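Me: Could you zoom in on one well-enclosed part of this model and walk me through its surroundings? Cut-offs included, please, since I'll want to know what each term means.

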Amino acid sequence: MDTPDDLRYSSDHEWVRVEGGTARMGITDYAQDALGDVVFVQLPSAGAAVTAGSSISEVESTKSVSEVYAPVTGTVVEVNDELADQPQHLNEDPYGDGWICVIELADRGEVDRLLDAEGYRKLVDD
Amino acid sequence: MFELSSPGRRSWSFRSTDLPEWDAAELVPAGHLADEPVPLPELSERDLVAHHTRLTHRQYSVDLGAYPLGSCTMKYNPKLADAAAAMPGLASVHPMAPAQLTQGWLELLVELGLALGEVTGMDAVTLQPPAGAAGELTGLLIMRAHHAAERPDRPPTKVVIPDSAHGTNPASVTLAGYSVVTVPSDDRGCVDVAALRAVLDDDVAGIMLTNPNTLGLFEEDIAEIAGAVHDVGGLLYYDGANLNAILGVTRPGDMGFDIVHLNLHKTFAVPHGGGGPGAGPVAVTERLARYLPGPVPVRDADGSYRWTTPSRSIGRVHGWHGNALALARAYAYVLASGGDGLRRVAEAAVLNANWLRQRLRDHYDVPFDRPCMHEFVVSAAGLRRRHGVKAIDVAKRLLDEGFHAPTVAFPLIVEEALMIEPTETESPQTLAALGEALVRIAAEAPSEDPGAPRNTPVGRVDEVRAARRLIPTYDARPRA
């Protein structure tokens, strides 16, 4: 199970990478493994205001449909449109090509309240 | 059939008659006429019958062997029910025939309603809904009508559903205009009552439960749950998908439920799964009877029958009188079984499930290791960690052993779930063979064949590619 040390994590299995005043996000390696082969990703809209904990996307695998929650509050400024045709990026490269969107942070401090890699590993192990 | 098509070939040719011939263009307005004939396959009856007979030989069905597809109750349907439904007096009646000419049909429907009321502990029944999910929506619309009448100023907006629920439940709730509130299961696999109490308020219209739940476990706190939901003015909806487990033993009405749907195609000898149509009657308590879809058949004091519409009916939910011949099958099954026979159905279903659960518990992970009702859930999580063998791989291997697969990846709260419902109609020998096959598959996991199934007419299909590149029409098939 890959859990990069330089990322922050939500208890709903999303990751966040802070890039200046924005945060790039996706689902974790653990999440993609649990979901199985992803066949469809419903992407959020650029410009949408999102609240931490609210649903922003849906990921459909051969097993189930799962909601993806915004790990932070802010505005969606960029969306990974490639996932529409290449949903397998979520399985193959969850922390790279499988990113879902970039959110402009309403509150920089909010990221610090997410789990660090060690905290997330502990959550998953339990 | 398109591949077998040959231009000009026909299954029927009409004898020439002395009736005048009409040109379609004279009868149909020009705007509605097609420019070219519809490209239908052209086959002789002989080719057509050979084609379909060939397909039936490639099928696996409940008539061939065990079909332990959890939550679906794929039990054998006695042919007696088919014979009853095929009687010309039932099968050849037009649905518009007036009540005075169809008294026998109405009597059958009234008597079936009474029997289903007795089985569920309810007071009134609609036989219209054509399937389980249609029954769910009907029940929720009755719930809505009740709250609109009782609390017109501020009707509730939410329905509570446990996280182990059938997927149709949240879909039906949404379709009925309610929002879904999910409650978690506790470590025994049942509704977490404390978590339920925490979400209950006067904005809750009701709760949807199936009991036993999808883990095959009986919700032992059902009386407390019913009290808590009723205390906030909510109603209890019973998803009858798992009714096979409790027939003649206990009743949703006695547990405190207000609305129940039944899947006659699971529990009452109606063909199921592509062989439909099904039937999803809804039964309610006395205070909700006035909201039932109409018309409903009633018996008058003089012994005659007629159609009537309840005073505050939510309206029709199906054309005509529901899937009437499915209802005839169910009535035949009820009469042939009798009350004691229906109870034996539940007893044997529960016994078979527990026998098989015991057979498998040392070979698969068992997330909730206690006596089950009509079905149980094991997990392939350990097989996956140790050998990379997933629940779907176990299911595919079982096809090679000559059985239908169990339900996989459901309920969602169990990792690599295999949901197994042997039903009451399988013999001890069949159960032993099924158990033996599943034990062997687990033992062979270290050298798992990723290409299984190999003995079936169609091998391992690429489900991922099929879902990612959906081609829903014949015309869009890639050409060679």
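Reply: What follows starts with one helix, moves to its salt bridges and ends with a few other spots.

First, the ground rules. This is a predicted model, so local features need pLDDT of at least 70 and side-chain atom pairs count only at pLDDT 80 or more, while totals for chains, interfaces and linings use all residues. Residues are numbered from 1 along each chain as its sequence is written, chains are lettered from A and ligands numbered from 1 in the order in which they are written, and side-chain values use heavy atoms, with hydrogens and water left out.

The part I'd pick is helix 14 of chain B, residues 391-400: 8 of its 10 residues are buried, so the rest of the structure largely encloses it. Here, helices (H or I, at least four residues) and strands (E, at least two) are DSSP runs numbered from the N terminus. Buried means under 20% relative accessible area, exposed means over 50%, and partly exposed is in between (1.4 Å probe, protein chains only). The buried set holds Ala391(B), Val394(B), Ala395(B) and Leu398(B), but also the charged Asp393(B), Lys396(B), Arg397(B) and Asp400(B). For charges, Lys and Arg count as positive and Asp and Glu as negative, with His and the chain ends not counted.

What sits on top? The cover over those buried residues includes helix 13 (381-387), strand 11 (407-408), strand 12 (417-420), helix 15 (428-443) and helix 16 (463-468) of chain B. Contact here means heavy atoms within 4.5 Å. Just after helix 14 of chain B, Gly402(B) takes a positive phi of about 90 degrees.

Now for helix 15 of chain B, one of those covering elements. Glu436(B) and Arg440(B) meet there in a salt bridge, at 3.8 Å from N to O. The term means a side-chain nitrogen of Lys or Arg within 4 Å of a carboxyl oxygen of Asp or Glu. The two are 4 residues apart in helix 15 of chain B, so about one helical turn separates them. In general, an α-helix has 3.6 residues a turn, so residues three or four places apart point the same way. Glu436(B) is partly exposed at 37% relative accessible area, and Arg440(B) is partly exposed as well, at 31%. Shared partners join this pair with Arg359(B), Arg397(B), Glu401(B) and Glu444(B) into one salt-bridge network. Arg397(B) brings us back to helix 14 of chain B, where it is one of the buried residues.

Also in helix 15 of chain B is Ala443(B), which is exposed at 59% relative accessible area. Its C-alpha is 9.9 Å from that of Tyr364(B), though the two are 79 residues apart along the chain.

For context, the whole structure has 33 salt bridges over all chains. One of them pairs Arg370(B) with Glu220(B), at 3.5 Å from N to O. Arg370(B) lies in the loop between helix 12 (324-360) and strand 10 (376-379) of chain B, and Glu220(B) in the loop between strand 4 (204-209) and helix 9 (222-231) of chain B, so the bridge ties together parts 150 residues apart in sequence. Arg370(B) is buried at 15% relative accessibility, whereas Glu220(B) is partly exposed at 49%.

As a counterpoint over in chain A, Glu110(A) is buried yet has no salt bridge, and Arg113(A), the nearest side chain of opposite charge, is 5.3 Å away. Glu110(A) is found in helix 3 (residues 109-112) of chain A. Setting aside neighbours within four places in sequence, Glu110(A) is in contact with Ala52(A), Val72(A) and Thr73(A).
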